[in-house]
Amino acid sequence: MCGIVAYIGPKEAYPIILKGLKRLEYRGYDSSGVALLNDGLKVYKKKGRVADLEESLIGKDLHAHAGIGHTRWATHGEPSDRNAHPHSSASGRLAMIHNGIIENYTQLKNELIKKGYTFTSDTDTEVLLNFIEDIQTNNNCELEEAIRIALKRVVGAYVIVLLDRDHPDTIIAARKGSPLVIGIGKGEHFLASDASPIIEYTKEVVYVNDYELAIIKKDELVLKNLGNEKITPFVQKLDLELAALEKGGYDHFMLKEIFEQPDTIFDCLRGRLDLGNATITMAGVQNNIEQLRNAQRIIMIACGTSWHAGLVAEYVFEELCRIPVEVEYASEFRYRNPVVNKGDVIFAISQSGETADTIVAIEKAKDQGAFIFGVVNVVGSSIARISQAGAYSHAGPEIGVASTKAFTGQLVVLIMIALKIAFEKKTIDESRYVHLLNELHAVPEKVKEILLLDEHIKKLAKKYADAKDALYLGRGYNFPIALEGSLKLKEISYIPAAGYPAGEMKHGPIALVDESLPVIFVATKGTHHEKIISNIQEIKARKGKVIAVISEGDDVIQNLADDVIKMPEADELISPILNVIPLQLLAYYIGIAKGYDVDKPRNLAKSVTVE
Ligand code: F6R
């Protein structure tokens, strides 16, 4: 939530910051701004996209060798010029950008109001900035000291980055709970919420940890804790190419990412699945096999699309490993008083690895003695670091706000983990194990086949784009895919869509059905096939429009449905990985048909680092 970029060094800061903000726009896009240090501190900000800021700055003197920039996803205060970051302190000496939420900002604000401070914005950021300046003035201390004192009072999550007019050679940043990466160049430093703005300048990075303060000059990086003790920066090499961050000829990142799935799934399997020897190699599982095999219970903790992956995993783990599984929304789990036992294994599922609710939920479970296994896409992210073991989904950078390739990556990883545990526990017989390995191995080729349906799905999208609402139904392994399909449609096309287990339909949702309601069935062959045929008949009897995702050759449903999308044969345990793909395309093309910006849907942000 919110993207931050900063630069200090010999180059012009503004073009670097602007380009970085465009890369980070997926994190928030309701307003943006920059502060530049050159002969004083200049702050420019604008409601709207980064492109609006860029246009408003044409002709301005933007020369500077140090600067900070921000693209916002509003929390406190509506999107507007005055609530945009950077904020300036009361004296005008300091400028600050912030990603996160200061929970006790009202209390701090009241203290400042009593001292005579007034505020020009509705943000928690301006409060924290003036709180820092007030400490600096009263204690007559350096900014670094004032920040340390202030942060000891702050409740909440933050990355803050400050410029001080009186110290133009220094940028100071601090982190708790929100991500911050520092890129180390030759005589220059870059700061950003993730590595994407940094990658074209340097591959040497330092991930700042919670409660750390970075004091950065062009040729010096000092890390300290809040107790003013120096910490040796841990420099890592980024394994990321610039091309992975660009659209590569596609109209949108979302479409590019949908079409990347044969490759991302292949990458996820590569080096892990060995068909010849019928093995799965995953160090995170192997090194902790006792813990995993003996788990009394597994709890999947995640949000949104990642939660849907956890729901599929519930079906898979229970069937293959015979371990009871619960699936928890991180935002509910963290505020409950959940029963967590020592033998419990938590799977933390997250694309970004930075989702605030998931982080707090797993920290809570860890404190209560559970073992945390991360299934994360972004290498080096917070959840990856908090987890005691893990497996990356290797989907590469996902920039489209609606998650697509990260989801299929999560499913593949979770199924491999379940197969490995089941094999070790001997809860799966060998022929089924080998069959499922073969089925997994075949997924990338089958995804290629499914993507050939692109034109057909585009036509369906045009036909149904004016729907007022929609219902997605599935059973068993494909009930979570109905939920995921409906979430994609809501996010991208703003059409209210509900997802249900098909068997639950008669307990309420069937009241919605009339001749105008499209009902999307995920109905490929499997255990519940006869039942789902009955459900389709129930919808047709009430004149609903049925679009069914079916197995190739399923004449029965083909004859019942208004439209069908034919999928290659697959074991039903593997089928969710395939069945979600036409639903991703359907949502994408409906969003396009309605003229929406599918990569940046309204009100959303890619990485939800606020609670
Ligand atoms: C939906 C979507 C969100 C995320 C959710 C969790 O398309 O992207 O629902 O899945 O915010 O994010 P991560 O996986 O980064 O923890």
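The largest pocket of this predicted model has a volume of about 990 Å³. Its lining is made up of 42 residues, and those closest to the pocket centre are L240, N377, V378, V379 and P397. Three elements give two or more residues to this lining, namely β11 (204–207), β15 (235–237) and α7 (261–269). Sorted by class, the lining of the largest pocket contains 18 nonpolar, 12 polar and 12 charged residues. Both domain 1 (3–243) and domain 2 (248–441) take part, each supplying at least three residues to the lining.

To place the pocket in the wider chain, it helps to look at the domains. The domain assignment divides the protein chain into domain 1 (3–243), domain 2 (248–441) and domain 3 (453–594). Between domain 2 and domain 3, the centres taken over C-alpha atoms are separated by 25 Å. The contact between these two domains involves 31 residues from domain 2 and 25 residues from domain 3.

Besides the pocket, the structure holds 4 cavities of 30 Å³ or more. The largest cavity encloses about 110 Å³ of space. Lining this cavity are 13 residues, and R475, N478, T524, H528 and E572 lie nearest its centre. The lining of the largest cavity comprises 4 nonpolar, 6 polar and 3 charged residues.

Two aspartates offer a closer look at side-chain contacts. D344 belongs to strand β20, which covers residues 344–350. With a relative accessible area of 1%, D344 counts as buried because this value is under 20%. The side chain of D344 is joined to that of R297 by a polar contact of 2.6 Å. Once neighbours within four places in sequence are set aside, the contacts of D344 are Q296, R297, I299, V339, A370 and F371. The second aspartate, D357, sits in helix α12 (residues 356–367). D357 has 11% relative accessibility and is therefore buried, as this is under the 20% limit. Here too an arginine is the partner: a polar contact of 2.7 Å links the side chains of D357 and R334.

The loops provide a further set of details. T120 is located in the loop between α3 (105–114) and α4 (124–139). Its relative accessibility is 58%, so T120 counts as exposed, the cut-off being over 50%. Apart from neighbours within four places in sequence, T120 is in contact with R82 and E126. The C-alpha atom of T120 is 9.4 Å from that of S88, although 32 residues separate the two along the chain.

Some backbone features also deserve a mention. The peptide bond that runs from H85 to P86 is cis, with omega near 0°. P86 itself lies in the loop between β4 (66–72) and β5 (87–88). Elsewhere, D39 is not a glycine and yet has a positive phi of about 55°. D39 occupies the loop between β2 (31–37) and β3 (41–47), and its relative accessible area of 82% makes this residue exposed. A278 likewise has a positive phi, of about 50°, without being a glycine. The loop that holds A278 runs between β16 (273–274) and β17 (279–280). At 21% relative accessibility, A278 is partly exposed because the value falls between 20% and 50%.

Definitions and conventions: Residues are numbered from 1 along each chain as its sequence is written. This is a predicted model: local features need pLDDT of at least 70, side-chain atom pairs count only at pLDDT 80 or more; totals for chains, interfaces and linings use all residues. Side-chain values use heavy atoms; hydrogens and water are left out. Helices (H or I, at least four residues) and strands (E, at least two) are DSSP runs, numbered from the N terminus. Buried means under 20% relative accessible area, exposed over 50%, partly exposed in between (1.4 Å probe, protein chains only). A polar contact is a pair of N or O atoms within 3.5 Å; within protein, one must be able to donate a hydrogen and the other to accept it, and residues adjacent in sequence count only if both atoms are side-chain atoms. Contact means heavy atoms within 4.5 Å. On a 1 Å grid over the protein atoms alone, a cavity is a set of points where a 1.4 Å probe fits but cannot get out, and a pocket is an open set with protein on both sides within 12 Å along at least five of seven lines; lining residues have an atom within 4 Å of a point. Grid points are joined across faces, edges and corners, and a volume is the space filled by probe spheres set on the points. Ala, Val, Leu, Ile, Met, Phe, Trp, Tyr, Cys and Pro count as nonpolar, Asp, Glu, Lys and Arg as charged, and the others, Gly among them, as polar. Domain bounds come from an automatic or database domain assignment.
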